[in-house]
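Got your viewer open? Here is a short tour to follow with the mouse in hand, one selection at a time.

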Amino acid sequence: MAVRPTRRAGAARTARAVAATALLCGAAALPQTASASTAVPAAARPKVAFTIADPRITESSGLAASARHPGIVYTHNDSGGVPRVYALGPDGRVRAVLTLAGAGARDWEAMALGKDDRGRPAIYVADIGDNLGGAWPYVTLYRIPEPEQMRTQSIRATRFRIKYADGPRNAETMMINPRTNRVYIASKLFSGKLYEGPARLRAGGDNVMRKVGGAPAMATDGAFSPDGRTCVIRTYFGARMYSVDAGGRPGKSLGSVSIPFQGQGESITYTPDGRSFLAGSEGRNQPVFQVAVPDKANPQASPGGKPGSDGKSGDSNADEGHKDPRDVRVGLFLALAIAGAVCYGLLRKHREGR
């Protein structure tokens with residue numbers, strides 16, 4: 001039985017609410033352990049870069065730090081809203097609102113900076129969420145030129161239709177390699193996979209994403225470093241870094257990155273200098289944390305200028321975050337979130353079958 005788009009949008013919001021509730025209940029039910037950050041030098045500990053307090057932004061689900069406009073970080077809301085990108089200043093206040101003319105906002109989940117067909121700076125937004133796990137035959141990327149002047153304006157969007165070679169799936173992670181301008185998407189839930197787009201997106205017809213590797217379970221966002229040498233994929237519980245091979249694909253794991261717990265952490269990006277991450281969460285008045293890139297994964301800090309050149313890179317299969325005693329809690333959080341999402345999906349299918 002087909003589900004009308006309006007009903008699907010409501011179902012998507014309900015599914016996210018079920019998963020988020022499961023996560024929060026799990027956090028409350030488990031005993032707390034000492035934070036690993038107590039052993040980290042103060043200068044390297046995560047700090048609040050700014051807080052998103054604008055009442056128009058209640059579901060920040062993507063971040064992208066501008067190199068063209070120093071200090072500007074772009075974000076967007078999740079689903080069911082107006083197709084808008086918000087340009088935030090260093091204090092978290094909105095400096096400009098960019099409306100994507102001709103675009104829809106069914107389930108926006110990620111954003112990244114790349115280039116257009118003429119090599120000019122561009123903003124990409126990924127309408128790739130599918131909380132019913134394959135209800136949509138295709139998903140969409142939107143592209144607008146990054147404006148030269150930081151002012152509120154409407155910009156005509158270019159639409160790219162996206163399909164997966166192995167069938168529809170839910171995803172919240174979209175990344176663009178700054179060297180190749182190639183798009184990568186990581187699927188969500190247990191069997192996380194990494195998909196690579198064509199060398200050049202086309203506005204007419206389908207753009208097929210093909211599986212090229214694995215991804216962390218419950219992946220919610222990711223980003224390439226500004227120099228294209230590393231990338232990061234985050235989950236609700238932490239993040240994992242990867243080196244990037246000569247072909248531009250994410251390769252070996254460089255280890256996990258500890259991120260402060262966030263109620264619904266769904267966004268991450270590198271700062272323009274590549275030395276830190278910015279990590280955010282959905283919700284009102286949410287802080288955006290600045291987290292230092294680990295030295296062994298920082299090209300400027302590693303011997304020979306190559307990520308992971310100390311020979312201590314991690315295994316090729318990403319984990320879900322921290323390598324400390326909190327792993328027990330992380331596992332339970334994951335199980336609760338999966339259980340909530342699966343239960344909702346089964347309930348939905350049962351109702352549709354009536």
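**The whole chain first**

Among contacts in the protein chain between residues at least 6 apart in sequence, 55% join residues at least 24 apart. Keep in mind as you rotate it that this is a predicted model. Switch to cartoon view: the protein chain has 2 helices and 21 strands. Now turn on the surface, which adds up to about 15500 Å² of accessible area, with 52% of that belonging to carbon and sulfur atoms. As for what is hidden, buried residues account for 52% of the 354 residues in the protein chain.

**Stop one: a sheet of 4 strands**

Select 219-224 and 250-257 to pick out β15 and β18. Then add 230-235 for β16 and 239-244 for β17. Together they form an open sheet in the order β15-β16-β17-β18, with antiparallel pairing. Why do β15 and β18 each have one side without a neighbour in the sheet? They stand at the edges with a single partner strand each, so nothing in the sheet flanks that other side. Look along the sheet and you can follow its twist, which averages 25 degrees from one strand to the next. In general, strands of a sheet pair through backbone hydrogen bonds, in either a parallel or an antiparallel way.

Zoom in on the β15 and β16 pair, which runs antiparallel and is joined by 5 bridges. Which residue of β16 is the bridge partner of aspartate 221? Click on arginine 234 and you have found it.

Next, go to serine 243 in strand β17. Is serine 243 buried or exposed? Its relative accessible area is 18%, so serine 243 counts as buried, the cut-off being under 20%. To see what surrounds serine 243, show its contacts beyond the neighbours within four places in sequence: Arg229, Thr230, Arg249, Pro250, Gly251, Lys252 and Leu254.

**Stop two: charged pairs**

Time to show side chains. Those of opposite charge can pair when their charged atoms come close, and a search of the whole structure turns up 14 salt bridges.

Start with glutamate 172 and lysine 188, a salt bridge whose closest N and O atoms are 2.9 Å apart. This pair links distant parts of the chain: glutamate 172 is in strand β11 (residues 171-176), while lysine 188 is in the loop between β12 (183-187) and β13 (193-196), 16 residues apart. Both ends are tucked away: glutamate 172 is buried at 0% relative accessible area, and lysine 188 is buried at 10%.

Now pick arginine 182 and glutamate 196, where the closest N and O atoms of the salt bridge are 3.9 Å apart. Arginine 182 sits in the loop between β11 and β12 and glutamate 196 in strand β13, so this pair ties together parts 14 residues apart in sequence. Here the two ends get separate labels: arginine 182 is partly exposed at 25% relative accessibility, whereas glutamate 196 is buried at 8%.

Then select arginine 169 and aspartate 166, a salt bridge with its closest N and O atoms 3.3 Å apart. Aspartate 166 is partly exposed, with a relative accessible area of 39%.

**Last stop: a network**

Finish by selecting 91, 93 and 95. What links Asp91, Arg93 and Arg95? These residues are joined in a network of salt bridges.

Key
Residues numbered from 1 in each chain as written. Predicted model: local features only at pLDDT ≥ 70, side-chain atom pairs only at ≥ 80, totals over all residues. Heavy atoms only, no water. Pairing = 2+ DSSP bridges. Axes fitted to C-alpha atoms, helices over the stretch in contact; angles between N-to-C directions. Buried < 20%, exposed > 50% of the residue type's maximum accessible area, 1.4 Å probe, protein only. Contact = heavy atoms within 4.5 Å. Salt bridge = Lys/Arg side-chain N within 4 Å of Asp/Glu carboxyl O. Areas by Shrake-Rupley, 256 points an atom, 1.4 Å probe, with all protein chains shown as cover.
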